Amino acid sequence: MKNRDLQRGIIVDQQEGYWRGQFSAMASPCEVLCEIDDPGEAERLTRIVATEAWRVEDKFSRYLRGNIVNRINEANGAPIEVDAETAQLIDFSTTLYDLSNGRFDITSGVLRRLWTFDGSSNIPSRPAVRGVMQYVGWKRATWQAPILQLKRGMEIDFGGIGKEYAVDRAANLLRDASALACLVNFGGDLVAVRKPCARDDWKVGIEATVPSRIAGKKILNLQVGGLATSGDARRFLISNDIRYGHILDALTGWPVPDAPRSITVAADTCTQAGILSTLAMLEGAQAEQFLNAQAVRYWCDRGNDS
Amino acid sequence: MKAKNKKSITGTLAAATCTLLGSSALEPVQAQEDPGWDFNTSLLYYGEDNDRVQDLSLKALTRRTFVDDRFLTVGLTLDSLTGASPNGALPQSVPQTFTRPSGRKTYSTAAGQLPLDDTFHDSRVAVTANWQQPLGRLYQFNVGASASKEFDYLHLGLNAKISRDFNQRNTTLSAGFAVAQDELDPIGGTPTGLTLMLDAADDDDDDDDDEGRRKGPRETKDILDIVFGVTQVVSRNLLVQVSYSYSDTSGYQTDPYKIISVVDGTTGDAVPVIPAPSNGPSHLYYFEHRPDSRAKHSLYTQGKYYMDGKVLDVSYRYMTDDWEIDSHTVDLRFRWPFGGSSYLEPHLRLYSQTAADFYRLSLINGDPLPEYASADHRLGDFDALTVGLKYGWKTSGGNDMSVRLELYTQSGDISSSQLIGNQLGRDNYPDLNAIIFQFGYQFGK
């Protein structure tokens, strides 16, 4: 906890036409861009955002002892009563589990013990994956709000939605705290709160090759709303020339074949954008078809495949 | 199963998110790609063996992205052609002399050699512009223009295409057309088809009759292309495209620089001009003459198969026209990515065509002249093979580079029934080998 507190500082600096507040949360560099010429106000708004980010992190990080997630994961099969916010996140996750036909599952985090996506060729054995899969499956959990009961050995992990949730929560607080146009960015998952006035838009860099066939970095212009990216060009495994992306299918315990390297989606909230990009990843080769059916704007990077 | 995968979940997700975040109605998202420039540049070298055609070609394609998926693409190509190309005459066991296209000088070919016109050198500038934009949610519209200029040639063209997605974007139907007008202003004027190649005109020799008979004005041709296509996503790994195209060309299609040897009906040897002129063709040669209309039908089918990042791309084209040329093209590419940011792409292309009905090696002295005749090897029966390898990689700056090396070999086939007397022992249609090297660089700004 001590180190964590030490890292919890805010730096505010001036950029071209706006002030930027920076801090670190959820293992990501985070920033708040405020369209204002007032470092004090920029710091106040950044502190609101950072405080919310750290609160969500402390409450839902599976790495912290004593929080609600930790208590659930160490319940050893016993029922645990959860608070209202946790119950809402669990309800939301249940909806996602249904929407994805079981491929998105907050109990799939235990698979991380087998899969380390570091660019190496350390592919776990099939029996090892099968072994861990007995602890995966939301259908094995008993959820009757506010009581959650997991089978012994099962764990939950809000890693798939936590950051986007924190971004949207922080954005809500900013909307109440100020009338300014701001950009909240937690490691690439972001929300533009209100349309900027002094500029046309916020410039956001993403990796993309589609729909632009000519490859390279793309700059997106975001006026208002959320953007989230799933996939990471640096997080993968290669074995027998097969590239395993880091999105795991909770039904199989294996990475999704033929998934794009990354998908960026624009949606009204960061949470919606993040879910759509993750669910698209789970569609593998049909990611683009899935996104087309959602009628959202997206940018898909298939590296050299396209 | 398929339908389930692609159902819209937006409504359910929006409601669930609203419950989770407790936020009231937000402004709808507004995000677009930054209007930016992308550049796709390449330098290509094409070189035929035996000092035949060499082409150095520089291409630059730039695309400007606008909001709402609208694109403007502008392309520029510069070609520099040098070298010699066959003039259509047959090789002989004696040297041959020809009048240059300019009509002012002569050039000679040694005994046993395929006659090549070495005045062949040209620069070409070509520009294209294309505008693409969606129309509604399911239509794409595309309109473009093209122009190119060589010292004796001008091309102007317009094209348009519309496509529509069906079946949850698994099927795309498209229809397009292109019109072009090409104008040819040959050096030395346009020769009349199937008339004799004349002596080079001396400055002090006023042969007015010849000038008037041989050299016509500039010529034009009009080209109309129509294409219909369907693209179908067959499965998560397979994409198939089929298209039919019709092309109609009317107007001057003869190659004004190509000739055809007049031979003896028994020996097959070219008929010498007696007495041998001091400044003119050594033998009898006619300018070639082609029909002024040509209708082509072609059917193209392509399959792309994705396997763990590898892509197998197979295509086949069948073309048939009313000149009786039928051709088959099979093209195979396999893209094999490795090491995260590089790929190798072997390429194999097989081509085979039958000869035009008016293609002939030579004309027989004394026989009535046919309506059309050409000895241009490109209208003959031949097979060609291209074998190549491309290597592409991403630079540290995120841009794409590639190098490609290809070998092309073409071998003609002349049925022995066409060969007369001494022609049997000669290589009337030597194989052609060429090397292609290309360097490509794509970057954005």
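**Reading an interface and some unusual backbone spots**

Author: In this predicted model, 50 residues of chain A are in contact with 47 residues of chain B.

Reader: Which element of chain A gives the most to the side that touches chain B?

Author: A general point to start: the size of an interface is often given as the accessible area lost when the parts come together. Here we go by residues instead. Strand 10 of chain A leads, with 11 residues on the side of chain A that touches chain B. Among the other elements that each supply at least two residues there are helix 4 (84-99), helix 6 (162-177) and helix 7 (270-282) of chain A.

Reader: And how do the residues on that side of chain A divide?

Author: Into 20 nonpolar, 18 polar and 12 charged.

Reader: On to the backbone. Which residues does a cis peptide bond join?

Author: Generally, most peptide bonds are trans. In chain A, Ala145(A) and Pro146(A) are joined in cis, with omega about 5 degrees; Pro146(A) sits in the loop between strand 5 (142-144) and strand 6 (147-149). In chain B, the cis bond links Ile274(B) and Pro275(B), omega about -5 degrees, and Pro275(B) falls in the loop between strand 17 (259-263) and strand 18 (285-287).

Reader: What about phi: is Asn101(A) positive or negative?

Author: Most residues other than glycine have a negative phi. Asn101(A) has a positive one, near 55 degrees, in the loop between helix 4 and helix 5 (126-133) of chain A.

Reader: Why does Asn101(A) count as exposed?

Author: Because Asn101(A) has 12 C-beta neighbours inside 10 Å, and 12 or fewer makes a residue exposed.

Methods: Residues are numbered from 1 along each chain as its sequence is written. Chains are lettered from A and ligands numbered from 1 in the order in which they are written. This is a predicted model: local features need pLDDT of at least 70, side-chain atom pairs count only at pLDDT 80 or more; totals for chains, interfaces and linings use all residues. Two residues are in contact if their C-beta atoms, placed from the backbone, lie within 7 Å. Helices (H or I, at least four residues) and strands (E, at least two) are DSSP runs, numbered from the N terminus. Ala, Val, Leu, Ile, Met, Phe, Trp, Tyr, Cys and Pro count as nonpolar, Asp, Glu, Lys and Arg as charged, and the others, Gly among them, as polar. A residue is buried if 20 or more other C-beta atoms lie within 10 Å of its own, exposed if 12 or fewer, and partly exposed in between; C-beta atoms are placed from the backbone.
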